[in-house]
Amino acid sequence: MSDYSLPLSNKVALVTGASRGIGKGIALEFARRGATVILTYVSQSSETLAREVCQAIEALPHKPRAHAVRVDLSTVDGAQLLIGRLLERSEGRLKLDILVNNAGVEKAKSLAELTVDDYDEVYNLNIRGTILLTQAVLPYLSSEGRIFNISSIAARTPFKNFSLYCSSKTALEGLTRVWATELGGNGTTVNCIEPGPVQSDMLDNIPKDIVNLQKALTPIGNRIGTVEEVANIVAGLASKDGAWITGQTISVSGGYAMY
Ligand SMILES: NC(=O)c1ccc[n+]([C@@H]2O[C@H](COP(=O)([O-])OP(=O)(O)OC[C@H]3O[C@@H](n4cnc5c(N)ncnc54)[C@H](OP(=O)(O)O)[C@@H]3O)[C@@H](O)[C@H]2O)c1
């Protein structure tokens, strides 16, 4: 097959939180385009889901490879544990080309109700986890690497009672811009993707009035997006075609948010 039909062949992608939702969609799309995919999940109950994603990938006609690792990336040592497992599996020859920091959690609580535990729950994964994993991946990231931080339109839309989630997603934009300046020397790009609402377990927890308002304000079709619509953008930028785009925040929201 031509490079065009499998633009990610010979690439190895690590996608966090890919047992379901957007991460699963990105993992599948990377594999469809030829990449080997390592996916992570955290819950015992998602073990079967993660295995099914790997099976779906390995059943593709060009037989891409997939491997799932259960790891809690909100912990201080989660990222190093993950890299240790990958080093073991690759017998010390770990090479990664693409990192997608996708795993994230939300929390609906008013400012007055917030506790330190709430802060830790959201920030330890959405921000500290992203920093520690990206740091841990760096020694194994090939030149012309691709890093994606999955943020949200919530980074720039102030949803009432979502201060931890919204602000953590804003912080991802800042990390993206700084890392783009630090890592660009060898052609590595770092970009922030901000999906609007897409159907997923996370969206099921968002109040319906918020989602309905988002639909009403979405120029394309007054609808929510699909996982595939987000995955296609990430997969496109992950290939050679994305070489000249870095430090950007890209709204993938049918025009709900226009930057
Ligand atoms: N859905 C939306 O409408 C939407 C819109 C904009 C942005 N986003 C962003 O897109 C990303 C994915 O969202 P989603 O809706 O697909 O989420 P989701 O369906 O809730 O899935 C979350 C994924 O993250 C994993 N995860 C959760 N906590 C983790 C931890 N401590 N360590 C490692 N992995 C962990 C989960 O693993 P388990 O299955 O094992 O629990 C699961 O694979 C998030 O960053 C979210 O903020 C989502």
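**Figure 1. His67 counts as buried, at 18% relative accessibility.** Here "buried" means under 20% relative accessible area, "exposed" means over 50%, and "partly exposed" is in between, using a 1.4 Å probe and protein chains only. What you're looking at is a predicted model, where local features need pLDDT of at least 70 and side-chain atom pairs count only at pLDDT 80 or more, while totals for chains, interfaces and linings use all residues. Residues are numbered from 1 along each chain as its sequence is written, and side-chain values use heavy atoms, with hydrogens and water left out. His67 belongs to strand β3, residues 66-70. Strands (E, at least two residues) and helices (H or I, at least four) are DSSP runs, numbered from the N terminus. The His67 side chain makes a polar contact with the side chain of Arg89, at 3.3 Å. A polar contact is a pair of N or O atoms within 3.5 Å; within protein, one must be able to donate a hydrogen and the other to accept it, and residues adjacent in sequence count only if both atoms are side-chain atoms. Leaving aside residues up to four places away in sequence, His67 also touches Val37, Ile38, Leu39, Cys54 and Leu86, besides Arg89. Touching, or contact, means heavy atoms within 4.5 Å.

**Figure 2. Strand β2 is covered on both faces.** On one side you'll find Thr36, Ile38 and Thr40, on the other Val37, Leu39 and Tyr41, and all of them are buried. Put as a count, six of the six residues of β2 are buried. β2 pairs with strand β1 (residues 12-15) in the parallel sense, over four bridges. Two strands pair if DSSP finds at least two bridges between them. One place to look is Val12, whose bridge partner in β2 is Thr36.

**Figure 3. Zooming in on Thr40, a residue of strand β2.** The strand itself covers residues 36-41. Thr40 has a relative accessible area of 1%, so it counts as buried. Its side chain reaches the backbone nitrogen of Gly17 at 3.1 Å. Not counting residues up to four places away in sequence, Thr40 touches a run of residues that includes Leu14, Val15, Thr16, Gly17, Ala18 and Ser19. Val69, Val71, Leu73 and Leu82 are also among its contacts.

**Figure 4. The ligand has 31 residues around it.** A residue is put in this group if one of its heavy atoms lies within 4 Å of the ligand. The closest are Ser19, Arg20, Ser43, Ser46 and Tyr165. A polar side-chain atom of Arg20 lies 2.7 Å from an oxygen atom of the ligand. Asp72 brings a polar side-chain atom to 2.8 Å from a ligand nitrogen atom. Leu73 uses its backbone instead, with a polar atom there 3.0 Å from a nitrogen atom of the ligand. On its own, the ligand has 900 Å² of accessible area, and the protein covers 94% of it. Accessible areas come from the Shrake-Rupley method with a 1.4 Å probe; for residues, only the protein chains shown count as cover.

**Figure 5. Cysteines, but zero disulfides.** A disulfide is a covalent bond between the sulfur atoms of two cysteines. In this model, a pair of cysteine sulfur atoms has to be within 2.5 Å to qualify, and the structure holds zero such pairs. Cys166 is in no disulfide, and the nearest cysteine sulfur, that of Cys192, is 13 Å away. Cys166 is buried because its relative accessibility is 9%. Cys54 counts as buried too, at 10%.

**Figure 6. Two asparagines with positive phi, Asn10 and Asn161.** Most residues other than glycine have a negative phi. For Asn10, phi is near 70°, and for Asn161 it is about 75°. Asn10 comes in the segment before β1 and is exposed, with a relative accessible area of 69%. Asn161 lies in the loop between β5 (141-150) and α5 (163-183), and at 36% it is partly exposed.

**Figure 7. Arg32, a residue of helix α1.** The helix takes in residues 21-32. At 40% relative accessibility, Arg32 is partly exposed. Arg32 and Pro61 are 29 residues apart in sequence, and 9.0 Å apart in space, C-alpha to C-alpha. Not counting residues up to four places away in sequence, Arg32 touches Leu6, Leu60 and His62.
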